[in-house]
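Trainee: I have a protein model open in front of me, and I would like to learn how to read it. Could you walk me through some of its features?

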Amino acid sequence: MNIFVIGATGFVGGALARHLTAEGHTVTGLARTGTAAAGLHAQGITSVAGDLEERRPAVVEAALEADAVIYAAQAGEEQETATVQDLTRALAGTGRTLVFLSGSGVLLQRTAGAWSPDVYAEHEPFTPEPLAGFRKAAEDAVLAAASEGLRTMVIRPGLIWGPGDHGHTSMIYQSVAATGAACYVGEGLNTYSHVHIDDVTRLFSLALEKGRPGGLYHAVAGETPNRWIAERVAADLDVETRSVTPGEAAGVWGEFGALIMAASSRVRAVSAQQELGWQPRHTDMLTMIGEDRLRRLATPSA
């Protein structure tokens with residue numbers, strides 16, 4: 001299959017491009033710069049020069065040359081909205097496949113570090129997080145395009161972890177550099193369902209193989225409250241843990257990081273398991289504790 005990956009130079013998109021190449025697919029990736037293109041070529045991935053702003057027509061042209069398109073970019077609201085609109089319009093009636101990478105952040109709850117009992121399967125209703133309203137609208141637009149002669153799907157993972165991630169474990173290591181302690185917000189019982197990057201890439205393969213038009217699939221393998229992560233990081237580095245207020249958290253992780261570190265986002269992967277036969281193979285995010293790359297994050301900058 002010829003697959004065009006938008007976001008092939010990012011964390012998830014890059015892992016997808018490498019995984020699909022290893023499976024024998026012909027993969028093309030979007031590259032905004034010559035350096036990005038060289039990086040893709042070094043991995044055996046053909047590059048397409050373009051971006052999601054002025055050079056978006058080149059993205060649509062590359063999509064029309066592919067059997068399947070994966071949108072795995074982390075773009076701003078205007079770029080993402082316009083790109084989804086252009087792709088669904090251009091691909092309508094072609095029977096091609098378009099898979100959109102979203103995330104469980106669309107349904108996160110601002111709990112200020114408290115636990116939430118709410119957990120959502122794929123098609124259960126929820127109140128979207130206001131900052132992710134554009135992402136939910138993009139999901140809806142992609143799924144609606146399934147009625148227009150296009151095989152569209154949305155994959156909505158929880159917190160993605162694995163080599164090179166920038167998730168909650170990484171952020172708690174970073175908090176040690178900022179404060180000298182492994183930090184969590186409030187009670188630290190808030191929980192973000194998580195999944196390993198390798199399990200996410202396998203889910204994409206299954207979706208490409210047998211996903212149904214209009215399919216929505218969650219990816220989740222486990223849950224670990226932030227305070228538990230902080231306690232393990234503290235033990236690894238021989239430091240204390242510390243509860244911070246949401247206001248203090250902004251000084252540690254920035255406004256957006258503080259929002260994520262204080263929120264709960266819990267999902268179940270019912271359709272992914274029942275329709276695609278997907279099962280996660282990596283279930284313990286705490287196995288990352290002690291990695292050298294994480295310990296380096298705990299060292300204050302000079």
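Mentor: Happy to! We will go through aromatic pairs, a helix, pockets and some backbone angles, and please keep in mind that this is a predicted model.

Trainee: Let's begin with the rings. How many aromatic pairs does a search of the whole structure find?

Mentor: The search finds 2. Take the pair made by Tyr-71 and Phe-100: the ring centres are 5.1 Å apart and the planes meet at 15°. Planes under 30 degrees apart count as stacked, so this pair is stacked.

Trainee: Which parts of the chain does that pair tie together?

Mentor: Look up where each residue sits. Tyr-71 belongs to strand β4 (residues 68-71), while Phe-100 belongs to strand β5 (residues 97-101), so the pair links parts that are 29 residues apart in sequence.

Trainee: Is Tyr-71 buried or exposed?

Mentor: Compare the relative accessible area with the cut-off: under 20% means buried. Tyr-71 has 1% and therefore counts as buried, and Phe-100, also with a relative accessible area of 1%, is buried too.

Trainee: Now a helix. What should the 15 residues of helix α4 span?

Mentor: The rule is 1.5 Å times one less than the number of residues. For helix α4 (residues 77-91) that gives 21 Å, and the end C-alpha atoms are 21 Å apart, so the two agree.

Trainee: Which residues in α4 are buried?

Mentor: Here is the general idea: an α-helix has 3.6 residues a turn, so residues three or four places apart point the same way. In α4 the buried residues are Glu-80, Ala-82, Thr-83, Val-84, Leu-87, Thr-88 and Leu-91. Their cover includes β1 (2-6), α3 (56-64), β4, β5 and α5 (133-144). After α4 comes Gly-93, with a positive phi near 80°.

Trainee: What about pockets? What volume does the largest pocket have?

Mentor: Its volume is about 1300 Å³. Next, ask who lines it: there are 45 lining residues, and Ala-73, Gln-74, Ala-75, Arg-135 and Phe-256 are the closest to the centre. Then ask about their character: the lining has 23 nonpolar, 16 polar and 6 charged residues. Helix α9 (246-261) is among the elements that each supply at least two lining residues, and α9 has the largest share, with 5 residues.

Trainee: And which residues line the second largest pocket?

Mentor: Arg-110, Thr-111, Ala-112, Pro-246, Ala-250, Glu-255, Ala-258, Leu-259 and Ala-262 do. The space in this pocket is about 160 Å³. Again α9 gives the most to the lining, with 5 residues, and the lining divides into 6 nonpolar, 1 polar and 2 charged residues.

Trainee: Ala-112 is in that list. What is its phi?

Mentor: Phi of Ala-112 is positive, about 55°, although the residue is not a glycine. You will find Ala-112 in the loop between β6 (109-110) and α5. With 43% relative accessibility, Ala-112 counts as partly exposed.

Trainee: Where is Asp-238 placed?

Mentor: Asp-238 is in the loop between α8 (226-237) and β12 (241-244). Its phi is also positive, near 60°, and it is a residue other than glycine. For accessibility, over 50% means exposed, so Asp-238, at 72%, counts as exposed.

Trainee: One last residue: what is Ser-205 in contact with?

Mentor: Set aside neighbours within four places in sequence, and Ser-205 touches His-19, Leu-20 and Glu-23. Ser-205 lies in helix α7 (residues 197-210) and is buried, at 12% relative accessible area.

Technical notes:
Residues numbered from 1 in each chain as written. Predicted model: local features only at pLDDT ≥ 70, side-chain atom pairs only at ≥ 80, totals over all residues. Heavy atoms only, no water. Phe/Tyr/Trp six-rings, centres within 6.5 Å; stacked < 30°, edge-to-face > 60°. Helix = DSSP H or I, 4+ residues; strand = E, 2+ residues; numbered from the N terminus. Buried < 20%, exposed > 50% of the residue type's maximum accessible area, 1.4 Å probe, protein only. Contact = heavy atoms within 4.5 Å. 1 Å grid on protein atoms, 1.4 Å probe; cavity = no way out; pocket = protein on both sides within 12 Å on 5 of 7 lines; lining within 4 Å. Points joined across faces, edges and corners; volume = space filled by probe spheres on them. Nonpolar A, V, L, I, M, F, W, Y, C, P; charged D, E, K, R; others polar.
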